[in-house]
Amino acid sequence: MSTKFNLRSNFDYLFEQINILCEEIKSSEVVNCDYYLLPEVTEEDENKAPDNINVSKITGDLALEKCLSGYQDVFVGNKKSGKILTRHPGLIAINDPNLSLKSRIIEVNKAKKNFKEAILEINNNDARFEAVHNAVPNLITLAAYRKFHFEDTTPYSVRFTWMKKHSSMTLSKKVALEMLNKSSGYSNPRVIDQQNWLQIVESEKIRVGSLSEKSKLRIKRPTRVTPEVNVRFSAKNRYHVSAALPFILLNPQSETKLGELTSYSSSNVDVRKKDYSYLIERIYLENLD
């Protein structure tokens, strides 16, 4: 079996199962449906940490349409780049007395897993990229991987929140000093006087230079926050999953409290979260010793 045929057949089965699930949801009894529209994200925005994200809530038939469209959103389409992942937070509360929808969701997730494994069988990253996009043109691979999350029991609550993510890189004292030396040659538009900028970098170099040669350093740079779903049964029995795709609550009960995804603001800091102490805050450099 050729690699192209294997990838294409796995993907075709996956997308067929997604489409069947969407049709089955349409013909089922939807008790409630909410969709949270997020601002459009560019490729440049993907690795930035915004201070604010405005959320627009959509309800009813239009929300269901948006949710189902979100499940099928795995192609570049009108997006400018295949690296752009559109998040589709939402909640579909739907009756599933025979658990046929549950079986279908499980089958979709199984097909996603098989498709991912077929891709990862190709060891070389460049060859993998070429093979996938030769077999399935315009596919956003990470979007195809995204799991469909659901709950079929009766939780105390299903609520939304924002999860703050970081990109981390560990480095040695030597590498950190090399980075700062390069910074000396940059101009900083935030600093009117270039001499002041050089003084700032020199003080940073002194700070790093005073560390031992074996010091462990890390750059922990904040990236985009992402929406997540928190499912709670009790104070100690709870879990959270990604809300990149609409969450499905099967056979909802009136006692389950349903929350909403509110707009994000970086000023709303949770005091329980760790307050990072940076060696050099400008570049998010931490001393791990």
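These are my notebook entries on a predicted model of one protein chain.

**Entry 1: overall make-up**

I began with the chain as a whole. I counted seven helices and 14 strands in its secondary structure. I then looked up the extent of the C-alpha atoms, which fill a box of roughly 70 × 50 × 35 Å along the principal axes. Of the 289 residues in the chain, 41% are buried.

**Entry 2: aromatic pairs**

I went on to the rings. How many aromatic pairs does the structure hold? I found eight aromatic pairs. One of them joins phenylalanine 11 and phenylalanine 15, which are stacked, with 5.6 Å from centre to centre and 15° between the planes. I placed both phenylalanine 11 and phenylalanine 15 in helix α1, which covers residues 3–26. They sit four residues apart, about one turn of that helix. I also checked the cover of phenylalanine 11: its relative accessibility is 2%, so the residue counts as buried.

The next pair I took was tyrosine 36 with phenylalanine 160. Their ring centres are 5.2 Å apart and the planes stand at 65°, so this pair is edge-to-face. The cut-off for that label is over 60 degrees. I found tyrosine 36 in strand β1 (residues 30–37) and phenylalanine 160 in strand β6 (residues 157–163). The two residues are 124 apart in sequence, so the pair ties together separate parts of the chain. Buried or exposed, for tyrosine 36 and phenylalanine 160? I noted both tyrosine 36 and phenylalanine 160 as buried.

I returned to phenylalanine 11 and phenylalanine 15 to see what else they touch. Ring pairs link Phe11, Phe15, Phe75 and Phe115 into a cluster.

**Entry 3: salt bridges**

I turned to charged side chains. The structure holds ten salt bridges, and I followed three pairs in detail.

Glutamate 24 and arginine 104 make a salt bridge, with 2.9 Å between the closest N and O atoms. I placed glutamate 24 in helix α1 and arginine 104 in helix α3 (residues 100–120). Since they are 80 residues apart in sequence, the pair ties together two parts of the chain. Glutamate 24 has a relative accessible area of 22% and is partly exposed. Arginine 104 is also listed at 22%, partly exposed.

Helix α3 came up again with lysine 102. Its side chain meets that of aspartate 152 in a salt bridge, at 2.6 Å from N to O. Where do the two partners, lysine 102 and aspartate 152, lie? I found lysine 102 in helix α3 and aspartate 152 in the loop between β5 (150–151) and β6, so placed that the pair links distant parts of the chain, 50 residues apart. Lysine 102 is partly exposed at 23% relative accessibility, and aspartate 152 is partly exposed at 26%.

The third pair is glutamate 204 with arginine 282, whose closest N and O atoms are 2.7 Å apart. Glutamate 204 lies in helix α7 (residues 194–209), and arginine 282 in the loop between β13 (264–265) and β14 (285–287). The partners are 78 residues apart in sequence, so this bridge too ties parts of the chain together. Why does glutamate 204 count as buried? I found its relative accessibility to be 5%, and buried means under 20%. Arginine 282 has a relative accessible area of 27% and is partly exposed.

**Entry 4: surface charge**

I looked for charge gathered on the surface. Arg159, Arg232, Arg238 and Lys257 form a patch of positive charge there. I checked lysine 257 further and found it in strand β12 (residues 257–258). Its relative accessibility is 38%, so lysine 257 counts as partly exposed.

**Entry 5: two distances**

Last, I took two separations between C-alpha atoms. Glutamate 23 lies in helix α1 and is partly exposed at 47% relative accessibility. Its C-alpha atom is separated by 24 Å from that of leucine 7, 16 residues apart along the chain.

Lysine 214 belongs to the loop between α7 and β8 (217–222). At 78% relative accessibility, lysine 214 counts as exposed, because the cut-off is over 50%. I set lysine 214 against aspartate 152, 62 residues apart along the chain, and found 51 Å between their C-alpha atoms.

Definitions and conventions: Residues numbered from 1 in each chain as written. Heavy atoms only, no water. Patch = residues over 30% accessible without salt bridge, like charges linked within 9 Å, V, L, I, M, F, W, Y side chains within 5 Å. Areas by Shrake-Rupley, 256 points an atom, 1.4 Å probe, with all protein chains shown as cover. Salt bridge = Lys/Arg side-chain N within 4 Å of Asp/Glu carboxyl O. Lys, Arg positive; Asp, Glu negative; His and termini not counted. Charge placed at Lys NZ, Arg CZ, Asp CG, Glu CD. Buried < 20%, exposed > 50% of the residue type's maximum accessible area, 1.4 Å probe, protein only. Phe/Tyr/Trp six-rings, centres within 6.5 Å; stacked < 30°, edge-to-face > 60°.
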